[in-house]
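Q: Could you take one part of this structure and go through it slowly, for someone who has not seen it before?

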Amino acid sequence: KSPFDLSGGQKRRVAIAGVIAMKPKVLILDEPTSGLDPISREELLDVLLDLAGEGKTVFFSTHIVSDLEKCADDILFIRDGRIALDGELHDIERSYSIIDESAASPALRDAALGRRRERDGATLLVPSALASSELQAQTGTAAPSLEDIIIHLENGIESDNGGADTDSGNAAQTLSCEKEDIGAVKNSAAENAYAVTDGKKGGDR
């Protein structure tokens with residue numbers, strides 16, 4: 001079959017297969033699952049997990065958070081050209097709590113890093129250290145997923161004028177991760193998530 005007769009998704013898979021055939025120790029992919037149907041995307045992610053299991057490092061960018069939750073060890077989330085999240089996936093998920101806005105104390109409201117509207121109100125993203133287990137149990141909230149965290153951070157906190165508060169609510173400023181020099185990491189999009197799957201770390205995904 002001529003390459004010109006392949007669909008966009010098929011061309012992407014052929015291109016990635018050609019790169020994998022070279023047996024690189026480090027694989028860098030930009031939106032590798034873009035344009036793929038759910039089954040094809042799952043198959044490709046399984047290939048990336050196999051490569052990581054062989055001790056190879058896979059570095060890829062994506063806007064599909066479920067891809068990260070399936071196979072990433074390390075996450076780098078860039079918002080407005082600045083690092084908003086940087087760390088191991090499970091550490092990031094354990095660093096935050098999501099609470100019901102109506103049950104939040106004034107102190108937790110002030111400390112909130114993001115807000116998300118729900119059917120019956122809204123939820124706030126706060127550092128886990130500030131949200132007591134008693135409050136979490138009271139509001140019935142579970143540990144946040146990576147998608148929950150990213151959406152809250154991207155939303156920020158609404159200011160009095162109804163817009164996003166880009167000062168106190170800007171997670172990129174609040175969670176700078178003590179990395180001031182990010183000149184080596186640039187992205188033209190407003191936000192993007194980078195993942196690193198490193199087979200040397202081990203662990204199941």
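A: What follows is a close look at one helix and its surroundings. The model is a predicted one, in which local features need pLDDT of at least 70 and side-chain atom pairs count only at pLDDT 80 or more, while totals for chains, interfaces and linings use all residues. Residues are numbered from 1 along each chain as its sequence is written, and side-chain values use heavy atoms, with hydrogens and water left out.

The part chosen is helix α2, residues 38-53, where helices are DSSP runs (H or I, at least four residues) numbered from the N terminus. At 1.5 Å a residue, its 16 residues should span 22 Å (the expected span is 1.5 Å times one less than the number of residues), and this agrees with its end C-alpha atoms, which are 22 Å apart.

At the N-terminal end, D37 caps α2, with a side-chain oxygen lying 3.1 Å from the backbone nitrogen of I39; a polar contact is a pair of N or O atoms within 3.5 Å, one able to donate a hydrogen and the other to accept it, and residues adjacent in sequence count only if both atoms are side-chain atoms.

Along the helix, S40, L44, L45, L48, L51 and A52 are buried, meaning under 20% relative accessible area, whereas exposed means over 50% and partly exposed lies in between (1.4 Å probe, protein chains only). Seen down the axis of α2, the buried residues fall within an arc of 135 degrees (taken from the directions from the helix axis to the C-beta atoms), so they line one face. The face turned away from that buried side carries the exposed residues P38, I39 and G53. After α2 comes G55, whose phi is positive, near 95 degrees.

How values were computed: Helix = DSSP H or I, 4+ residues; strand = E, 2+ residues; numbered from the N terminus.
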